[in-house]
Amino acid sequence: GLETPTNLAVQGRYVYALGSSGPRLEIAYISDPANPRHVSATLLTLALPTDIVVVGSYAYITSYNSNGVEIVNISNPLSPGLRDTITDTNDTALPQPRTIVVHGKYAYVGAAGGVEVLDVSNPWDIKHVAAIFDNADTLLDAPQALILQGNRLYVASENSDGVEVLDISGLDVPAANIGSLAAGSLDVWQGANIAGALNVAS
C-alpha cells in the first residue's frame with residue numbers, strides 16, 4: 001500500500017500518487033471510484049517527492065530532499081519506468097523544489113531559491129535552460145504554487161508573502177528562413193552556418 005502520501009495527479013482512468021516512504025509512485029485504476037484497484041508501484045530515484053504533473057505518457061516529479069526532478073514513463077501503467085533525473089547545481093534553481101508545471105517542451109519548477117526552467121523535450125535527457133533566482137527585486141523565496149496562463153507564470157511564494165508574475169514569452173523556432181533579423185542579443189547553442197558576410201558591431 002501507499003505510505004505517507006504527499007501528492008497525486010489524475011489522468012483519464014488512473015490516479016498517480018506519490019509516497020514519501022520508499023519513495024514510490026503508486027498507480028491505481030479508478031474507472032469505478034467506489035472500487036479503485038491497485039495497478040503498480042514503482043520505487044523512485046529521488047527522495048521525498050513533493051509534486052507530480054502527468055502530461056501524456058510521462059509523469060514529472062519534484063524531489064524535496066534530493067533537490068531535483070525526475071521523469072517517469074507511464075505509457076504502460078503496469079510497468080512504469082524511470083527516464084531521467086536532474087539535481088541542483090550552481091547554475092540551477094532546484095533546492096528543495098515543491099511545485100512543477102509542464103507546458104510544451106518546458107517544465108517550470110518552484111524551489112527554495114527561485115524558479116527553474118527545464119527543457120524536457122527529450123525525457124531521457126533533461127536540460128537546464130534558465131534559472132530565476134530570488135533577489136531584492138523579486139518575490140520568489142520558497143514558491144508554493146505555480147499557475148501558467150499564456151505567456152505569464154504566476155508564482156505564490158511563502159517566504160516572500162506575495163505573488164510574482166514572470167513573463168516567459170520568447171521565440172522557439174526549430175528551423176526558419178529569415179530575410180533579415182534585428183536582435184538585441186543572439187545566443188547560439190550549437191552550430192551556425194552563414195552564407196555571405198557577417199558583420200558584428202562592437
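Contact here means that heavy atoms lie within 4.5 Å of each other, and in this predicted model that criterion gives a convenient entry point at one tyrosine. Leaving aside residues up to four places away in sequence, Tyr-16 touches Asn-7, Leu-8, Ala-9 and Gln-11 as well as Leu-25, Glu-26, Ile-27, Ile-52, Val-54 and Ile-74.

Several of these names return when one turns to the largest nonpolar core, which has 14 residues and in which Tyr-16, Leu-25, Ile-52, Val-54, Val-72 and Ile-74 touch the most other members. The elements that supply two or more residues to this core are strand E2 (14-19), strand E3 (24-29), strand E5 (49-55) and strand E6 (58-63), and the largest share, three residues, is that of E3. Separate from this core there is a second one, made up of 13 residues, with Tyr-60, Ile-100, Val-109 and Val-120 among them.

Further along the chain, strand E10 (residues 106-111) can be followed through its pairings on either hand. Five of the six residues in E10 are buried, which leaves the strand mostly covered. Strand E9 (residues 99-103) runs antiparallel to E10 and is joined to it by five bridges, with Val-101 standing opposite Tyr-108 of E10. The two strands form a hairpin with two residues between them, and in its turn Gly-104 has a positive phi of about 60 degrees.

E10 is also joined to strand E11 (residues 114-119), again in the antiparallel sense, by six bridges, and the connection from E10 to E11 is likewise a hairpin, made through two residues. Tyr-108 takes part here too, since its bridge partner in E11 is Val-117. Strands of a sheet pair through backbone hydrogen bonds, either parallel or antiparallel.

The last region to consider is an open sheet of three strands, whose order is E13-E14-E15 and whose pairing is antiparallel. Strand E13 (143-149) and strand E15 (162-167) are at the edges and have a single partner strand each, so that one side of each is left without a neighbour in the sheet. On average, and with direction ignored, neighbouring strands of this sheet are turned by 20 degrees against each other. Strand E14 (residues 152-157) pairs with E15 over six antiparallel bridges, and within that pairing Leu-153 has Leu-166 of E15 as its bridge partner.

Definitions and conventions
Residues are numbered from 1 along each chain as its sequence is written. This is a predicted model: local features need pLDDT of at least 70, side-chain atom pairs count only at pLDDT 80 or more; totals for chains, interfaces and linings use all residues. Side-chain values use heavy atoms; hydrogens and water are left out. A nonpolar core is a set of buried Ala, Val, Leu, Ile, Met, Phe, Trp, Tyr and Cys residues joined through side-chain atoms within 4.5 Å. Buried means under 20% relative accessible area, exposed over 50%, partly exposed in between (1.4 Å probe, protein chains only). Helices (H or I, at least four residues) and strands (E, at least two) are DSSP runs, numbered from the N terminus. Two strands pair if DSSP finds at least two bridges between them. Axes are lines fitted to C-alpha atoms, for helices over the stretch in contact, and angles run from 0 to 180 degrees between N-to-C directions.
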